[in-house]
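User: Hi! I'm new to looking at protein structures and could use some help with this one. Can we go through it together?
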Amino acid sequence: MKPSIAHTRDGQPISYNRAPAPDLAPWIARLYVTKVDLGDEVISCGLLTDCAAVRIKLSGTWQAETAGGPRRFSQAVLFFGPQTHRMPVQVRDGFVSLGFMIRPGAFSAFRGQKVAEYLNKISPITELSNRDLSPADIFTDDLSPEEWLLTIEDAIRKRLADRVDAQTHPATACFEAIAMTDPSVSIVEAAERCGVDRRQLERIVRRDFGMSPKQVLRRARALDMASHLRGVADGSEGDEIALRYYDDSHRIREFSQFFGMSPRQFVERPQLLMTLALELRQAGRLEMLKRIEPGKARPWE
């Protein structure tokens, strides 16, 4: 594979990632390619993502502690459900990973299943699809990261063609935007903005996010705080992010519930995999907020 990886100003690797093509935007949140050379090093880290994802692991030896128990895999195509808390993940031998993040509501609209059934779980894609994939035959080293992502987009279009009747509820996209832009809003106000009553919002969000609206917003605040702590956020937002919490004890308590450690510990420990995931989310978030243009340099680069 041609060189693809950039770094933050302080040297942390970040992925090649971008928004999907416009016709896929109702379904796909973000696409990415990541390559990290570790040699013989073992990385013990974790993931906390707010979207379901399909992740194609081309190399590396992986181990994750999931809600379904320990999972070990190397070359594989995997479906990751959203996480309600940090999922411990370990990888050795370096890795190449690519895939796409699935927007809330897309999974239930397309498959007719509740995403809550997959929270904190990792499943081989063959458990969700009868199509056997051989990623090494498709994503060859002579292609660029962008060519890989175009290949993924073409494959998604073919699958969507099988379900032209699938559609998500408008309140789902509305609440997704609220979680990204204003996660301190009350649930009553969020329901008003989305044009539904509170009970409807609770039902829609639990179906499409797998969690209650309050939990989704709390997770969004914690993810923004984590991004700020790891240096993959807009630095000008630091005060605003801190003010989403009543005080330091509230911030530490909330953060620890999602990440299993205090903000100080989170800063002091290596967080390679977590930082990659946070940067992916923040890039999409800042584009949604129109603070950066797609394809332009991000504040942490």
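Analyst: Happy to! Let's start with a term we'll need: a residue is called buried when its relative accessible area is under 20%, exposed when that is over 50%, and partly exposed in between. Also, keep in mind that this is a predicted model.

User: Okay, so is cysteine 45 buried or exposed?
Analyst: Cysteine 45 is buried, because its relative accessible area is 3%, and the cut-off is under 20%.

User: Which cysteine sulfur is nearest to that of cysteine 45?
Analyst: That would be the sulfur of cysteine 51, which is 19 Å away, and cysteine 45 is in no disulfide.

User: And why is there no bond for cysteine 51?
Analyst: Its closest cysteine sulfur belongs to cysteine 174 and lies 16 Å away, so that is too far for a bond. For comparison, a disulfide needs the two sulfur atoms within 2.5 Å. Cysteine 51 is also counted as buried, at 8% relative accessibility.

User: How many disulfides are there in the whole structure, then?
Analyst: The search finds 1 disulfide. It joins cysteine 174 to cysteine 194, with an S to S distance of 2.4 Å.

User: Where do those two cysteines sit?
Analyst: Cysteine 174 is in helix H4 (residues 170–181) and cysteine 194 is in helix H5 (residues 187–194). They are 20 residues apart, and the pair links distant parts of the chain.

User: Is that link left-handed or right-handed?
Analyst: The link is left-handed, with -90° about the S-S bond.

User: Are the two ends buried or partly exposed?
Analyst: One of each! Cysteine 174 counts as partly exposed at 21% relative accessibility, whereas cysteine 194 counts as buried at 12%.

User: Back to H4. How many residues does it have, and how far does it reach?
Analyst: H4 has 12 residues and reaches 17 Å from its first C-alpha to its last. That is close to the 16 Å expected at 1.5 Å a residue.

User: Which residues of H4 are buried?
Analyst: They are Ala171, Thr172, Phe175, Glu176, Ile178, Ala179 and Met180.

User: What do they pack against?
Analyst: The buried residues of H4 pack against H5, helix H6 (198–209), helix H7 (213–229) and helix H11 (272–288).

User: New topic: where is arginine 221, and is it buried or exposed?
Analyst: Arginine 221 is found in helix H7. With a relative accessible area of 12%, arginine 221 is buried.

User: What does arginine 221 touch?
Analyst: Not counting residues up to four places away in sequence, arginine 221 touches Pro183, Ser184, Arg244, Tyr245 and Glu254.

Notes. Residues numbered from 1 in each chain as written. Predicted model: local features only at pLDDT ≥ 70, side-chain atom pairs only at ≥ 80, totals over all residues. Heavy atoms only, no water. Helix = DSSP H or I, 4+ residues; strand = E, 2+ residues; numbered from the N terminus. Buried < 20%, exposed > 50% of the residue type's maximum accessible area, 1.4 Å probe, protein only. Expected span 1.5 Å × (residues − 1). Contact = heavy atoms within 4.5 Å.
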